[in-house]
Amino acid sequence: MDTPQSTTLHKTYQERGYCSRAGYARIREVLRSCCWLYNRSLEQRKNTYLSDGKGMSLYTQMKELTQLRKEQQFWRDIGITVSRGVLVRVDRSCKAFFRRVKAGEKPGYPRFKPHQRYQCIELSEVTAGMVKGNRIKVKGLSVIRIRPNRALPASSQLKALRIGMHGRILTVDLVYEEESEPLTSVDTAVGIDMGVNERMTFSDGETVSRRVIDRSRETSLQRAISTKKKGSKRRRKAVSAFACERRRNTVRNRNECHRLTTAIVRKYQKIAVEKLTIKNMSRKGGNRKRGLNRSMMEQTWGILFQQLRYKAEWAGRQFAEVDPRYTSKTCSHCDEVRKEKLAVYRIFECLRCGHTEDRDTNAAKNIQKRGWEYPAQPVPPAEKDMLVQSSI
Ligand SMILES: [Zn+2]
């Protein structure tokens with residue numbers, strides 16, 4: 001048995017933050033100013049490019065920031081890591097823009113943000129002193145208290161800090177560098193087919209039922225917004241309540257995904273999934289199942305894959321993304337490809353060897369084969385219950 005290697009990874013702990021009434025107001029004020037700074041630096045980059053045909057470096061902008069801090073008391077009162085963090089963010093979005101241009105993707109120029117879209121204070125650098133026990137102290141902001149329900153790593157490991165306001169909910173993201181914890185390796189492999197009828201189908205025949213969202217509360221909150229006058233305090237409150245509900249659903253789903261992916265990574269050594277492309281996920285790619293677009297998006301395959309990817313790395317498991325073409329049209333028994341268009345049959349039937357199987361299970365087996373090029377390993381029956389069934 002090979003001994004799994006330990007590597008360092010960044011792990012984010014997201015905690016809910018609490019502070020005084022004045023503290024919340026201060027965070028909102030700082031966010032508004034950061035948003036202004038963000039738009040201003042983006043505009044500056046744009047204008048420099050238009051007049052000189054040149055880009056602008058992060059360091060040039062940081063020099064300008066020094067000037068701004070000399071002129072305005074407000075920026076002097078806030079820690080330099082807060083305002084530099086804004087410039088780092090602009091720099092990152094511009095770099096991503098040029099990367100997309102170079103790669104020939106749809107470029108998408110960085111947005112000028114309205115304040116509603118600017119919800120996060122990101123620090124350019126962190127010091128260990130920023131987290132003391134359950135208190136977060138950043139210059140210029142009031143003390144934020146957190147209530148972690150598990151022990152946080154030593155603050156010397158702290159790599160990044162983000163403070164976000166979502167509606168009236170304050171969150172603190174603490175990013176730590178940690179040693180990975182490889183699990184004892186097991187002799188199991190799996191292929192996972194993502195779907196809409198079943199959220200996931202495994203090559204050993206197990207399934208996770210589709211995600212169904214209860215939107216009744218969301219709908220009534222949205223309706224409540226529409227009856228209120230624009231610019232009124234009541235409307236602002238209603239918008240905030242709606243944002244909270246949306247966020248609640250997001251977090252609920254994320255937690256559900258965490259439960260699922262943790263169970264998968266514990267159970268299998270080798271995990272294969274389809275390589276997702278935007279093309280087969282959305283309507284834009286001319287997908288045949290156009291009507292299913294929304295329910296496809298709701299299954300959040302991207303989140304599941306992302307979690308599987310890093311958890312596999314963390315646990316010393318193998319993770320493969322395979323070419324998804326013809327996985328549902330190929331016979332997992334004899335590799336015969338059915339060329340004709342398949343309607344929405346639930347059962348796959350091979351014309352050559354007569355192999356008959358559930359369509360998704362057949363696809364999952366093909367994904368597993370493409371990932372590891374060897375037949376499925378039987379899973380010991382004792383472990384069959386480890387997978388948490390979706391219950392939302
Ligand atoms: Zn066959």
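**Entry 1: the closed space**

A cavity is a set of grid points where a 1.4 Å probe fits but cannot get out. With that in mind I opened the model, which is a predicted one, and looked for such spaces.

I asked myself how many cavities of 30 Å³ or more the structure holds. The count is 1. For the largest cavity I noted a volume of about 60 Å³.

Next I wanted to know which residues line the largest cavity. I wrote down Leu 37, Arg 40, Ser 41, Gln 44, Gln 61, Glu 64, Leu 65 and Leu 87. Sorted by class, this lining has 3 nonpolar, 3 polar and 2 charged residues.

I then looked at where the lining comes from. H1 and helix H2 (58–71) each give at least two residues to it. The largest share belongs to H1, with 4 residues.

**Entry 2: Arg 40, part of that lining**

I picked Arg 40 from the cavity list and traced it to helix H1, which covers residues 21–52. Is Arg 40 buried, exposed or partly exposed? Its relative accessibility is 35%, and partly exposed is the class between 20% and 50%, so Arg 40 counts as partly exposed.

I also checked a distance to another lining residue, Leu 87. Arg 40 and Leu 87 are 47 residues apart along the chain, and their C-alpha atoms are separated by 10.0 Å.

**Entry 3: the open space**

After the cavity I turned to the largest pocket, which contains about 1500 Å³ of space. I found 37 residues in its lining. Which of them lie nearest the centre of the pocket? They are Thr 12, Gln 14, Arg 254, His 258 and Tyr 310.

I listed the elements that each supply at least two residues of this lining: strand E1 (8–18), strand E6 (158–166), strand E7 (169–179), helix H6 (233–267) and helix H9 (301–315). H6 gives the most, with 11 residues.

By class, I noted 13 nonpolar, 12 polar and 12 charged residues in the pocket lining. I also checked the domains. Domain 1 (8–179) and domain 2 (189–386) each contribute at least three residues to the lining of the largest pocket.

**Entry 4: Ala 238 in H6**

Since H6 kept coming up, I chose a residue in this helix, Ala 238. Its relative accessibility is 10%, under the 20% limit, and therefore I marked Ala 238 as buried.

What does Ala 238 touch, leaving out residues up to four places away in sequence? I found Ile 225 and Lys 228. I also looked up Thr 227, which is 11 residues from Ala 238 along the chain; their C-alpha atoms are 9.9 Å apart.

**Entry 5: the loop between E12 and E13**

My next stop was the loop that runs between strand E12 (318–322) and strand E13 (347–349), where I found Arg 338. Why is Arg 338 classed as buried? Its relative accessible area is 14%, and buried means under 20%.

I followed the side chain of Arg 338 and saw that it reaches the backbone oxygen of Glu 349 at 2.8 Å. Leaving out residues up to four places away in sequence, Arg 338 touches Lys 329, Phe 348, Glu 349 and Leu 351.

Tyr 326 also sits in the loop between E12 and E13. At 47% relative accessibility it falls between the 20% and 50% limits, so Tyr 326 counts as partly exposed.

**Entry 6: two positive phi values**

I kept a reminder for this entry: most residues other than glycine have a negative phi. Tyr 326 is not a glycine, yet its phi is positive, at about 65°. Thr 300 is another residue other than glycine with a positive phi, near 40°.

Where is Thr 300? I found it in the loop between helix H8 (293–298) and H9. Its relative accessible area is 14%, which is under 20%, so Thr 300 is buried.

**Entry 7: stepping back to the chain**

To finish, I looked up totals for the protein chain. I counted 10 helices and 14 strands. Of the 392 residues in the chain, 43% are buried.

I also checked contacts with a separation of 6 or more along the chain: 70% of these join residues 24 or more positions apart.

Methods
Residues are numbered from 1 along each chain as its sequence is written. This is a predicted model: local features need pLDDT of at least 70, side-chain atom pairs count only at pLDDT 80 or more; totals for chains, interfaces and linings use all residues. Side-chain values use heavy atoms; hydrogens and water are left out. On a 1 Å grid over the protein atoms alone, a cavity is a set of points where a 1.4 Å probe fits but cannot get out, and a pocket is an open set with protein on both sides within 12 Å along at least five of seven lines; lining residues have an atom within 4 Å of a point. Grid points are joined across faces, edges and corners, and a volume is the space filled by probe spheres set on the points. Ala, Val, Leu, Ile, Met, Phe, Trp, Tyr, Cys and Pro count as nonpolar, Asp, Glu, Lys and Arg as charged, and the others, Gly among them, as polar. Domain bounds come from an automatic or database domain assignment. Buried means under 20% relative accessible area, exposed over 50%, partly exposed in between (1.4 Å probe, protein chains only). A polar contact is a pair of N or O atoms within 3.5 Å; within protein, one must be able to donate a hydrogen and the other to accept it, and residues adjacent in sequence count only if both atoms are side-chain atoms. Contact means heavy atoms within 4.5 Å.
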